[in-house]
Amino acid sequence: MTSFVLVKELRERDRRRMLKHFIELEESDRLLRFGSVLPDEQVINYVNRIDFSRDVVFGVYNRLFRLVAVGHLAFAPRDEKNSATEKERVAEFGVSVSRSARGRGIGSRLFERAAIHCRNNDVDTLYMHCLSSNKTMMHIAKKAGMEIHRDYGEADAYLKLPPANPGSVLQEALDEQFAVLDYTFKANKRIAAKWLGRLIGRK
Ligand SMILES: CC(C)(COP(=O)(O)OP(=O)(O)OC[C@H]1O[C@@H](n2cnc3c(N)ncnc32)[C@H](O)[C@@H]1OP(=O)(O)O)[C@@H](O)C(=O)NCCC(=O)NCCS
């Protein structure tokens, strides 16, 4: 079932919820997301080291204000391996969606948002690295038109992106505005519910 998915850029204040999202991933999902079954300690290190001034992290909150998906778009300078581009930087995308929220288009929407962000920031090559046994991610990659190279059970996929245009800039700005409104509404609702709970508890 596909529903309306609002993708928001995450900030420092979301770091604690990001950690909760990753820690709750089952072993098999950690393997698919990170390429190995990272122990909790390394997951904590990974989350603590995300640099919001360099990379962009996208997230999806559910109606209970729980972070159910995280997409990390990491930028790196082009090197000799990145022969697919003339631009200064390339981007790599990693994504995970909580089991309870899968199959509703969230993973695909996060990917689309990452792609449009690259376009709008002068990056024309978006990479993804995953296990070739990852049928769902392979499906999303193919659907997006990614070029896929399989090698010893692993797959490197990349997507060439067109340059930004007024439509892509407007789309990203609108997507973010709607997601910020939704986030603020849910955050306030949660605060109000807590206050109400305390008031009722006092009586
Ligand atoms: C991969 C992942 C992000 C997908 O998230 P999601 O929100 O369920 O994805 P979507 O709902 O957007 O899309 C799933 C698509 O895959 C298809 N799909 C699901 N299972 C499939 C399978 N076994 N084989 C082929 N396609 C499959 C669905 O039909 C859907 O296709 P459609 O959009 O054309 O209808 C999620 O499963 C996940 O977090 N996995 C663990 C971590 C991981 O693998 N990360 C990717 C490596 S970086």
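**Figure 1. E176 and R113, a salt bridge between two helices.** E176 is buried, at a relative accessible area of 14%, and this is a predicted model. Its partner R113 is buried as well, with 1% relative accessibility. The two side chains meet in a salt bridge, with 2.7 Å from N to O. E176 sits in helix α6 and R113 in helix α4, so the contact ties together parts of the chain that are 63 residues apart in sequence. As a general point, side chains of opposite charge can pair when their charged atoms come close.

**Figure 2. R99 and E26, a salt bridge between two loops.** Here R99 pairs with E26, and their closest N and O atoms are 3.5 Å apart. This one also links distant parts of the chain: R99 belongs to the loop between β4 and α4, E26 to the loop between α1 (15-23) and α2, with 73 residues separating them. Buried or exposed, or something in between? R99 counts as partly exposed, at 45% relative accessibility, and E26 counts as partly exposed too, at 42%. Zoom out a bit and the pair turns out to belong to a network of salt bridges that links E26, D29, R99 and R102. For the wider count, a search of the whole structure turns up 16 salt bridges.

**Figure 3. E24 and K20, a salt bridge between partly exposed residues.** E24 and K20 form a salt bridge in which the closest N and O atoms are 2.9 Å apart. E24 has a relative accessible area of 43%, so it is partly exposed. K20 has 45% and is likewise partly exposed.

**Figure 4. Strand β2, covered on both faces.** All six of the six residues of β2 (residues 56-61) are buried, so the strand is largely enclosed by the rest of the structure. Side chains in a regular strand alternate between the two faces of the sheet. In β2, one side carries V56, F58 and V60, the other V57, G59 and Y61, and every one of these is buried. On one flank, β2 runs antiparallel to strand β1 (residues 8-9), joined by two bridges. E9 is the residue that stands opposite F58 there. β2 also pairs with strand β3 (residues 67-77), again in the antiparallel sense, over six bridges. In that pairing F58 faces G71 of β3. The β2 and β3 strands make a hairpin with five residues between them, and F65 in the turn has a positive phi of about 65°.

**Figure 5. The seven-stranded sheet.** Pull back from β2 and you get an open sheet of seven strands, in the order β1-β2-β3-β4-β5-β7-β6, with mixed pairing. Its edge strands are β1 and β6 (147-151), each of which pairs on one side only. Further in, β3 and β4 pair in the antiparallel sense over nine bridges. A good spot to look at is A76, which stands opposite V90 in β4.

**Figure 6. The largest pocket.** This pocket has a volume of about 1100 Å³. It is lined by 44 residues, and the closest to its centre are R33, F93, G94, V95 and M137. Which elements give two or more residues to the lining? They are α2 (27-34), β3, β4 (89-97), α4 (106-120), β5 (125-131), α5 (135-143) and β7 (154-160). β4 gives the most, with eight residues.

**Figure 7. The one cavity.** How many cavities of 30 Å³ or more does a search of the whole structure find? One. The largest cavity holds about 30 Å³ of space. Its lining is made up of L6, K8, Y61, A179, D182 and Y183. Helix α6 gives the most to that lining, with three residues.

**Figure 8. A nonpolar patch on the surface.** L170, L174, F178 and L181 form this patch, and together they have about 420 Å² of accessible area. L181 lies in helix α6 (residues 166-202). With 56% relative accessibility, L181 counts as exposed, whereas E176, which lies in α6 as well, is buried at 14%.

Terms used: Residues numbered from 1 in each chain as written. Predicted model: local features only at pLDDT ≥ 70, side-chain atom pairs only at ≥ 80, totals over all residues. Heavy atoms only, no water. Buried < 20%, exposed > 50% of the residue type's maximum accessible area, 1.4 Å probe, protein only. Helix = DSSP H or I, 4+ residues; strand = E, 2+ residues; numbered from the N terminus. Pairing = 2+ DSSP bridges. Patch = residues over 30% accessible without salt bridge, like charges linked within 9 Å, V, L, I, M, F, W, Y side chains within 5 Å. Areas by Shrake-Rupley, 256 points an atom, 1.4 Å probe, with all protein chains shown as cover. Salt bridge = Lys/Arg side-chain N within 4 Å of Asp/Glu carboxyl O. 1 Å grid on protein atoms, 1.4 Å probe; cavity = no way out; pocket = protein on both sides within 12 Å on 5 of 7 lines; lining within 4 Å. Points joined across faces, edges and corners; volume = space filled by probe spheres on them.
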